[in-house]
2 protein chains.
Amino acid sequence: MTPAPMGEHALDLFFNPRSVAIIGASSDPSKLGGRPIRFLREAGFAGQIYPINKRSDDVQGIKAYASLADIPGEVDQALIIVPASSAVAALEDCIAKGIKAVQVLSSGFAEESEEGRLRQQELIALAAQHGVRLLGPNCLGIVSVRNRYFATFSTALEALSPQPGAISFVTQSGAFGSCAYALAIQRGLGIARIVATGNEADVDVTECIDFLASDPETRVICAAIEGCRDGNRLRRALLKAAHAGKPVILMKVGSSATGQQAAATHTGAIAGDDKIFDVVCKECGAWRAQSIEEMLDIAYVSTQLPPPQNDRATVITVSGGIGVLMADDAERCGVEIPAISPSLQARIRELVPFLVGVNPLDTTAQIGAIKRGIPNLVDLVVAQTDSATHFIYLAQIPCDTRRFTPLLADLAELRRKYPDRLLVLVGPSDDAMRRLAEAEGLVIFSDPGRAMRAIGALCEVRRRRSALHPGLPDAGRTAKKASDAPRGALNEIRAKQLLAEYGLPVPPETLCATEEAAVAAADKLGYPVVAKIVSPDILHKTEFCGVILNLAHADAVREAFRSLIQRAAAAPGSPKVDGVLIAPMVRKGVETILGVHVDPIFGPMIMFGLGGVAVELFRDVAFASVPLSPGRAEELINSVKASQLLRGWRGQPPQDVSALIRALMSLSEFAEDWAPSLEGVDVNPFVVLDDGAACLDAVVTFRQ
Amino acid sequence: MTPAPMGEHALDLFFNPRSVAIIGASSDPSKLGGRPIRFLREAGFAGQIYPINKRSDDVQGIKAYASLADIPGEVDQALIIVPASSAVAALEDCIAKGIKAVQVLSSGFAEESEEGRLRQQELIALAAQHGVRLLGPNCLGIVSVRNRYFATFSTALEALSPQPGAISFVTQSGAFGSCAYALAIQRGLGIARIVATGNEADVDVTECIDFLASDPETRVICAAIEGCRDGNRLRRALLKAAHAGKPVILMKVGSSATGQQAAATHTGAIAGDDKIFDVVCKECGAWRAQSIEEMLDIAYVSTQLPPPQNDRATVITVSGGIGVLMADDAERCGVEIPAISPSLQARIRELVPFLVGVNPLDTTAQIGAIKRGIPNLVDLVVAQTDSATHFIYLAQIPCDTRRFTPLLADLAELRRKYPDRLLVLVGPSDDAMRRLAEAEGLVIFSDPGRAMRAIGALCEVRRRRSALHPGLPDAGRTAKKASDAPRGALNEIRAKQLLAEYGLPVPPETLCATEEAAVAAADKLGYPVVAKIVSPDILHKTEFCGVILNLAHADAVREAFRSLIQRAAAAPGSPKVDGVLIAPMVRKGVETILGVHVDPIFGPMIMFGLGGVAVELFRDVAFASVPLSPGRAEELINSVKASQLLRGWRGQPPQDVSALIRALMSLSEFAEDWAPSLEGVDVNPFVVLDDGAACLDAVVTFRQ
């Protein structure tokens, strides 16, 4: 086997090296420094292996060198497996030799101590200075199955041997990765690449996803992420995979409170806000899995079958009960089970007179009495419906060689006849039967629910891919300079002025310093009016009782002015008062909340929800990345359950949703311009009327 | 092996017969009538087998009889496997012979046609008349593993052979059952009994659960139900199992719209309302599973390990990443992962200096370097904490015989040392290693998430068992006679009067036929007052605009009276008007909704929710069976998310929850008294005040 040709990607030298030097090579094949040599030899790596060992010129039967400098010719990659204290010197040697890809497998860096953190900094600085790429430190290495590049010391490979295939694994934690790929190997799933990134001093999970998205050997990417340092890079990598038609199945480790605490001790990385992470996965076409098993189920279907072209499925079943169960599961998983047409029903009944139902199609166990009953029925149903997926529940047939073997031959024929459809066999089977089915390009699940969940996930991935929302900064747009940004919390008037400049509808209102000014402003607006205290120190006016509504005449305005000023003077901490705002009473509409949350990892996110208990109690809010498109804004609104209230609820007139969309777009532009300096925006309430909308209050906070 | 002794239960003869006659016995061991004989012989059933066959006196090597009458002595049970048209005659023969337990395996009854339904009716009538119990028709039969009673024609047994154990399966659908037990057999789970009830002409899933609850061979009951005819019998069976300490893991087939449609074609049984079914499971200590795999996971833990005594768990892991993942899963599954004490931390660090975290406890892979590191750590943690469950993540060790065998011996020792704790091993393993662990009374899961979900379910079962709520009619209480019940919908006044008799707080109010009467009533109450239209034809007064609030003086009352009467006169369908109700304005409080839903299967259920979008949009309502206890009423309130608003929300004073509890209790008594004639009650709004509460409107509907 000749070494794979080198590609264009920055990480190619890690996965497809022609030669590798092992610094810290050991003659003992069970030691850390000995294992990679043993694995590479046993796997049959065809490239050059250069053990570096001062004491011997032969390591495990391979010619060894006293130093890197002694190796004749170029070396593509080095593994450093020396004690942490010698790692910097080893990297210097690599640089001297011109090696551009270095894995540091040793531990004893940022994960361990302050001293280790400084050591890691030194490695980073040195590598950056000389254009060397670094994987690790404290990582488990790389396994590349097809080219037999087993550059790891993971003992998992002592018990398990991966078969070549199209699933790739990238995880931060080596042990997490081993668990996932060990389960994959045990199920007989074929693997392309495995990489664990450890402390991520340089190369991280994101960059590996980016590599795998363009790796011709990889068709599905399974990734586990603990922390993410650059949300936009992750977005780009996910989008690249989506455009390449490769499902990315992500697990985020550390989503619970205890989990986040444990993750912090484990890697020191900060996990982004969990809900935001979900949104980014959705927008960028990835699937977030909750368990390793779920991840592998989806990967299994993705490598054995074509992607589903629609969300429709037929359930053909020899058992009514399991058919019903699968219909229940389908509803939960977002898979449609449409009734088949009367004409197809009639044609089916010619073949299977006792068939029950219109989908699920229950053949009952009597189908066994009809020669080729199942394959002929499947053939007819696949040909005559446009459902992408066809579940075939076979009960115990796959446990019975005598009955399963001929059936499998017929089904394999159908798999070839309908290459763009998904035939999903379901039923308890033993490993031998399962592998026979898989060799024919079919899949078989023992548990009906798992089959449905895997298909449901792939249908959702399809929907996501058809409506990708990059959420990346608009290249043509120049953000405002940080030096132009205000500092801290703005008062209501400045906040609204700023937002109004971007097109948010703000009612006419006047800041008044005296009772007389307030009455004059009210006279000009026309009654009734509203009076509000304005103070940078009072952000939650309702709780402060700083708003007085429905002032019908001048005396009421005077009284309100006095009362607000007195209340502020008596308040703890003596809030600074800018004056009292006089504004028109806005007609009754639907109160919503618009906001900008600036996520430390994923940047500005637009938030939308409805006022009152919907947000406070039911957390019925949704987020979308900036910049919004009008379509995404509408989707954002619709993804909030309470948005039904905007569409004409219980006889109320529908509200002006297009005004709301415009406001969200304005807010998005505002956020895009000011993001680096912005801390957050709350427009609450933002009242949507039957014609137009009004921002009644706003809090805008910039960094200090 | 001697036949099992007969117990007291009505179904004993089905599971533990000393003799069985097979009507329709065939010499061909592959035919329907031949298979049970083959299975019984091959399994080694020690009781008498009497094939009934007119043409031969030897069937598969067993002496056959021309008719039941020819059999000398008593026969405990008969299997009928003749065509449906001959089934009635066969049952008559059984009756003549004095057989008390008859399985009708034949199909062609209610599931097929009207003719079949009538045939089934005939069987039922005949059996009832002679005190014969009937299983089926259209059922798959019974498998009782320990006494080798394999009375079924399921072909699943051709490929798979169940090992004796403590898990029992009862399902309506035979094919559903086969799928479940085939998966169980493949996993090597031990089985006690398997029964499918088919058309349930007599014996149903409920009665089988009742049998299994007192069956000494059964420790876990796995059940799948499609329809339930008698909710109270199901409650009693579930409660019996809960008191016996046997987990019941239920699947309800047909919970989605498509599923319910498919279920209807499959069995003709009506599935009870899905949400009510959940409530009954909770109240009666059962667990509702969503997949067969989940069902088997829970059964697996239940038969291998003791039940958890609390909800706390420790996660000991050789991989930080998996530890974090399991902490995330724990939060989702209701399992607590409490931090270990500083003193235990100190003791652990003497043993494992590099340990990270306080729970999960991450030993890192370095633990491999410490002799007996894992078992010593587990021993210390189990001894020094009170957590019931201890997860031990072993990475790939269980794939490696050399490493796993000695570790397993040490862990098995700990299993014996701490018999009341749950040691749950997690890590990819092959079947051989898994079975070794299981032979030592341990469990091992490949997927960490599945391990956590199974334990989470058992913790929830524990919590449910400690707060059982039978929801069965109070034996000491005499319900009202149906003949005393009103008919149809009551008007608001009668509804409130009836509820007030049971103690619901109804404000003083007067039904007025004239303007003058309305003013007099208002004068008496004191202003402001409310006026409401009263009509049995107008149930939703708000939508009709039939309520006018805040009438401050006599003129306003007059105007309101006129306007309501005119509005009713102009309404479509000319609603009958009983008059206008004058009532006091109730102070502002929290609006709630109380109701009684009379479920056709589970009887009267109390409903509780908060007014407005909480119920309408977020379906934030909860149900509880009647009769309520005060404790259950409080639990019901707390299970509604929006009930936070009652406890003092955002600076509001807390409301009078005890008045709400009293009202729910009153409503429960009302429902209990009138249940057979009642259709439903809606008390909406029921305003909870800071002192007391008030029923502002009520709809009570009786059957016509």
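Here is a quick look at how the two chains relate, and at one helix and one strand of chain B.

Keep in mind that this is a predicted model. Start with the pair of chains: turn chain B by 180°, with 0.0 Å of shift along the axis, and it lands on chain A with an RMSD of 0.0 Å. That is the relation of a two-fold axis. Both copies use the same surface, since 100% of the contact residues of chain B recur in chain A.

Now for helix H2 of chain B, residues 35-43. Of its 9 residues, 7 are buried, so the rest of the structure largely encloses this helix. The buried set runs B:Arg35, B:Pro36, B:Ile37, B:Arg38, B:Phe39, B:Leu40 and B:Ala43. After H2(B) comes B:Gly44, with a positive phi near 85°.

Strand S10 of chain B, residues 164-171, is a similar story: 7 of its 8 residues are buried, so it too is largely enclosed by the rest of the structure. Its pairings with S11(B) and S12(B) look like this:

| Partner of S10(B) | Residues | Bridges | Sense | Facing residues |
|---|---|---|---|---|
| S11(B) | 191-196 | 5 bridges | parallel | B:Val170 opposite B:Val195 |
| S12(B) | 220-225 | 5 bridges | parallel | B:Ile167 opposite B:Val220 |

How does the chain get from S10(B) to S11(B)? It goes through helix H6 of chain B, residues 174-186, and the resulting β-α-β crossover is right-handed.

How values were computed. Residues are numbered from 1 along each chain as its sequence is written. Chains are lettered from A and ligands numbered from 1 in the order in which they are written. This is a predicted model: local features need pLDDT of at least 70, side-chain atom pairs count only at pLDDT 80 or more; totals for chains, interfaces and linings use all residues. Side-chain values use heavy atoms; hydrogens and water are left out. Copies are superposed by least squares on the C-alpha atoms of residues with pLDDT of at least 70 in both. Contact means heavy atoms within 4.5 Å. Buried means under 20% relative accessible area, exposed over 50%, partly exposed in between (1.4 Å probe, protein chains only). Helices (H or I, at least four residues) and strands (E, at least two) are DSSP runs, numbered from the N terminus. Two strands pair if DSSP finds at least two bridges between them. A crossover is right-handed if, with the strands pointing away from the viewer, the path from the first strand over the helix to the second runs clockwise.
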